[in-house]
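Here are some notes to read with the model open beside you. Please take the points in order and find each element as it is named.

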Amino acid sequence: MENDRIEAYRGSCVCGTGEVTIKFYSHDRARLTKSRGFETSIRCVSCRTEYDIIEQNNKFVFVRKSDVKQKQALWSQYWQRSEDLLKTAGTRKLLSDLETFLDTQSSAAVCHRLLRAYDLVHESYATFRKRWNGGGDWIRSHVHASDLDEVLELLGKKDPKISNQLSEFEALLQQHKAPLPIVGKPLLNTSPYRE
Ligand SMILES: [Zn+2]
């Protein structure tokens with residue numbers, strides 16, 4: 001029964017001339033919740049060109065391929081702009097100020113407390129201390145563009161240029177995360193297949 005495939009759905013494609021199936025893999029036929037993944041297929045050339053079947057909010061649904069592409073493009077834009085923001089002179093100066101600020105604190109424990117208070121650290125002090133090797137090292141491996149608002153707050157600074165960019169990114173990210181428009185009715189509810 002290793003990696004068994006079980007047909008969970010069979011129905012017609014969007015145009016109605018072909019067939020779609022959704023199968024899931026399981027180690028155990030008796031237990032749906034042992035699902036290890038799904039495999040979808042659209043047996044219709046024109047629907048396969050125009051649509052994808054994706055899992056969204058615990059349901060398999062038809063969406064337009066063009067919408068999927070757009071979603072990926074929003075993510076690339078978000079990523080690229082975050083990278084660009086990290087390279088600007090304003091950000092580099094801010095992070096260098098953060099480095100000085102951290103390196104002039106009396107101990108790693110104080111740094112941990114401060115970073116935690118501004119939501120820049122989520123790990124326990126024990127974990128933080130093990131990896132702590134100075135402000136510069138920590139910034140390089142932990143600070144992302146999306147953290148810059150918190151860094152500004154921690155240092156008691158304001159930088160409208162950075163903050164405006166951040167709200168623009170946030171908008172891109174929200175657009176990226178928004179569910180795609182569904183074509184037709186949902187095909188399969190996947191909740192019973194998940195733990
Ligand atoms: Zn079709």
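Which residue takes a positive phi in the hairpin of S4 and S5? Please keep this question in mind while reading, since the third point returns to it.

1. Overall division. This is a predicted model, and its protein chain is divided into domain 1, made of 3-64 + 180-194, and domain 2, which covers 88-177. The C-alpha centres of domain 1 and domain 2 lie 42 Å apart.

2. The sheet. Three strands form an open sheet, and going across it you meet them in the order S4-S5-S6, with antiparallel pairing. Strand S4 (51-56) and strand S6 (183-189) are the edge strands, each of them pairing on one side only. From one strand to the next, the twist averages 30 degrees. As background, strands of a sheet pair through backbone hydrogen bonds, and the pairing may be parallel or antiparallel.

3. S4 with S5. Strand S5 (residues 59-64) pairs with S4 in the antiparallel sense, and six bridges join the two. To follow the register by eye, look for Asp52, which stands opposite Val63 in S5, and then for Ile54, which stands opposite Val61 in S5. The hairpin of S4 and S5 has two residues between the strands, and the answer to the opening question is Asn57, whose positive phi is near 50 degrees.

4. S5 with S6. These strands also run antiparallel, and three bridges join them. One pair to locate here is Phe62 and its bridge partner in S6, Val183.

5. Helix H2 and the sheet. Helix H2 (residues 65-87) lies across S4 and S5, and its direction makes an angle of about 95 degrees with S5.

6. H2 with H8. Helix H2 also packs against helix H8 (residues 160-177), with the axes 8 Å apart and at an angle of about 160 degrees. An angle over 145 degrees counts as roughly antiparallel, and H2 and H8 are therefore roughly antiparallel to each other. Their crossing is left-handed. On the H2 side the contact includes Leu74, Trp75, Tyr78 and Leu85, while on the H8 side Phe169, Leu172 and Leu173 are among the residues that take part. The residues of this contact divide into seven nonpolar, five polar and two charged.

7. H3 with H6. A second helix pair to examine is helix H3 (residues 89-103) with helix H6 (residues 135-142), whose axes come within 8 Å and cross at roughly 135 degrees. That angle makes H3 oblique to H6, and H3 passes H6 in a right-handed crossing. In this contact, Leu95, Leu98, Glu99, Leu102 and Asp103 of H3 meet Gly135, Gly136, Trp138 and Ile139 of H6. Sorted by type, the residues of the contact are five nonpolar, two polar and two charged.

8. A last check. When you look again at the two helix pairs, please keep their handedness apart, since H2 and H8 cross in the left-handed sense, whereas the crossing of H3 with H6 is right-handed.

Definitions and conventions:
Residues numbered from 1 in each chain as written. Predicted model: local features only at pLDDT ≥ 70, side-chain atom pairs only at ≥ 80, totals over all residues. Axes fitted to C-alpha atoms, helices over the stretch in contact; angles between N-to-C directions. Helix = DSSP H or I, 4+ residues; strand = E, 2+ residues; numbered from the N terminus. Parallel < 35°, antiparallel > 145°, perpendicular 65-115°, else oblique. Left-handed = near helix turned anticlockwise from the far one by under 90°. Contact = placed C-beta atoms within 7 Å. Nonpolar A, V, L, I, M, F, W, Y, C, P; charged D, E, K, R; others polar. Domains from an automatic or database assignment. Pairing = 2+ DSSP bridges.
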